[in-house]
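Biologist: Please show me the whole model briefly, then take a close look at one part and at what lies on either side of that part. After that, go through the rest in a sensible order, and give the reason for a statement where there is one.

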Amino acid sequence: MEYLTLCQLQSLIKKGIDEAHPLPYWVMAEISELKVNYSGHCYLELVEKSDDSHLPKAKLNAVIWRSTYSMVSHYFVSVTGQQLSVGLKVLIKGVVVYNEVYGLSFQIMDIDPAYTLGDMEQQRQKTIEQLKKDGVYDMNREIPLPEVIQRVAVVSSRNAAGYQDFMKELGKSGFYYEITLFDAFMQGNDAEDSIVDALCRVAQDSDDFDVVVMIRGGGSQSDLGCFNSYRLASYVAQFPIPVITGIGHDKDQSVVDMVAALSLKTPTAVAVYLNENLDRFDAILYDLQQMIASEALQLVEKSEQRLQKAVSAMGMVLHLFTIQSNRLKTASQRLKEKCAAYLTSRSKELSLLGQLVESKSPERIVDLGFAIVRSGGHVVRDGAALSEKEKIEILMRDVVVDATVDKIKKRRNNG
């Protein structure tokens, strides 16, 4: 029985593959795994996914040798602003090789960055279109920025140079800020999950903050991929308070920049904006203070004028009061004098009347030799009122005579 050794079989396979695929191919694929080892060689796993399920339809191991990798990767970054990384779609040129020990692989010779750049832009546009379709694209930008921004939630890496620059610039203003840092990875494969987690923690206490600031500085354009992701952009677009970004790049805006309430280039620029915001408000307060002081001064001056007028009027009143008081004193004195004169005069008249009354008193009359007739305790003034047999009293100087009317005679007039 004839047979082949394993090495012979592998040699036949290698020969067949080499003969069947002698020329390089341009292949479109997605990087599913990537590792650069200590020697500088780059090992990748390439994959093609189903459009519906996103499950792999094909896989192939690939390699970029050290001498090629340094040149190809540098050029790729300079064109796309993005490092070769997992999830990127690439158009690569290489040859199919078969190794008896390591099996089938694709040896990459070149990468077309224009394809990846186009795919990145295409994905970016898809993210923008999906956000608009969801109706959330303008939500955060429609939230008005507060007039006064002092309570700031910062999503950044604690040790990042951008965060340090941000805090240093704020410190120059002399204004008071409440800064709360929500530490997160701002680059790398874990950046998207880390930033989303930080935003969720901010959202739980969103009432405690005026704005959330998302800053990143000191990195390269190659680390901006997560800021174009639909997931992160959707979180920012629907955030309940205004988001201000300072992601630190001068080229095209990321999707996160587009949906944020305010986008600035760098962390320092964000700090300058916050300082200028408080400076403007401080100027408004100063103007209001001056206006209030001016109004108050005018009110004081008007009050002083009214008070002076009132004092002047009061002086006139006091003058008139003094005049009237003097007149009243004079009138009172004259009244006293007239009353005294009147009382003296009336007193003399009363004295004369008293003398007259006294001269006509019964005692005076009987002292003069006259008699007074009384009947029933009353003085008889008219003798015609008496009747015969009526008992009467006759008062004389020394005695009282009880008598009875015997006879009444009318007196004749001498004339």
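**A strand and its surroundings**

Modeller: The protein chain has nine helices and 14 strands. Its radius of gyration is 63 Å, well over the 22 Å that the globule rule gives for 415 residues, so the chain is more spread out than a compact globule. Along the principal axes, its C-alpha atoms fill a box of roughly 210 × 55 × 35 Å. Of the 415 residues, 31% are buried. Keep in mind that this is a predicted model.

The part I have picked is strand 8, which covers residues 211-215. A residue counts as buried when its relative accessible area is under 20%. Five of the five residues of strand 8 meet that condition, so the strand is largely enclosed by the rest of the structure. Which residues lie on each side of strand 8? On one side are V211, V213 and I215, and on the other are V212 and M214. All of these are buried, and both faces of the strand are therefore covered.

Next come the strands that pair with strand 8. Strands of a sheet pair through backbone hydrogen bonds, and the pairing is either parallel or antiparallel. Strand 6 (residues 151-156) is joined to strand 8 by four bridges, and the two run parallel. In this pairing, V152 has V211 as its bridge partner in strand 8. Strand 9 (residues 243-246) is also joined to strand 8 by four bridges, again in parallel. Here I215 stands opposite G246 of strand 9. V211 and I215 have already been named as buried residues on one side of strand 8.

A helix gives a contrast. Helix 4 spans residues 161-171, and its buried residues are G162, Y163, F166, E169 and L170. Seen down the axis of helix 4, these buried residues fall within an arc of 130°, so they line one face of the helix. The face turned away from this buried side carries K168 and G171, which are exposed. The spacing of residues along a helix helps in reading such a pattern. An α-helix has 3.6 residues a turn, so residues three or four places apart point the same way.

Pairing can also be antiparallel. An open sheet of four strands has the order 12-11-13-14 and antiparallel pairing. Strand 12 (378-379) and strand 14 (400-404) are its edge strands, each pairing on one side only. Strand 12 pairs with strand 11 (residues 372-375) over two bridges, in the antiparallel sense. Within this pairing, R374 stands opposite V379 of strand 12.

Now for contacts between charged side chains. Side chains of opposite charge can pair when their charged atoms come close. The structure holds ten salt bridges, and three examples follow.

One of them is between K14 and D18, whose closest N and O atoms are 3.4 Å apart. K14 and D18 are four residues apart in helix 1, and therefore about one helical turn separates them. Both ends are partly exposed: K14 has a relative accessibility of 26%, and D18 has a relative accessible area of 31%.

Another salt bridge joins the side chains of E30 and K49, at 3.3 Å from N to O. E30 lies in strand 1 (residues 25-36) and K49 in strand 2 (residues 42-49), so this pair ties together parts that are 19 residues apart in sequence. E30 is at 15% relative accessibility and so counts as buried, whereas K49 is partly exposed, at 35%.

The side chains of R141 and D138 also meet in a salt bridge, with 2.1 Å from N to O. R141 is partly exposed, with a relative accessible area of 38%. D138 counts as partly exposed too, at 33% relative accessibility.

Last, there is the surface. L4, L6, L9, L12 and I13 form a nonpolar patch there, and together they have about 470 Å² of accessible area. Helix 1 covers residues 6-20, and I13 lies in it. Is I13 buried, exposed or partly exposed? With a relative accessible area of 32%, I13 is partly exposed. Set beside this patch, strand 8 shows the other case, with V211, V213 and I215 buried on one side and V212 and M214 buried on the other.

How values were computed: Residues numbered from 1 in each chain as written. Predicted model: local features only at pLDDT ≥ 70, side-chain atom pairs only at ≥ 80, totals over all residues. Heavy atoms only, no water. Patch = residues over 30% accessible without salt bridge, like charges linked within 9 Å, V, L, I, M, F, W, Y side chains within 5 Å. Areas by Shrake-Rupley, 256 points an atom, 1.4 Å probe, with all protein chains shown as cover. Salt bridge = Lys/Arg side-chain N within 4 Å of Asp/Glu carboxyl O. Buried < 20%, exposed > 50% of the residue type's maximum accessible area, 1.4 Å probe, protein only. Pairing = 2+ DSSP bridges. Arc of directions from axis to C-beta. Rg over C-alpha atoms; globule rule 2.2 N^0.38 Å.
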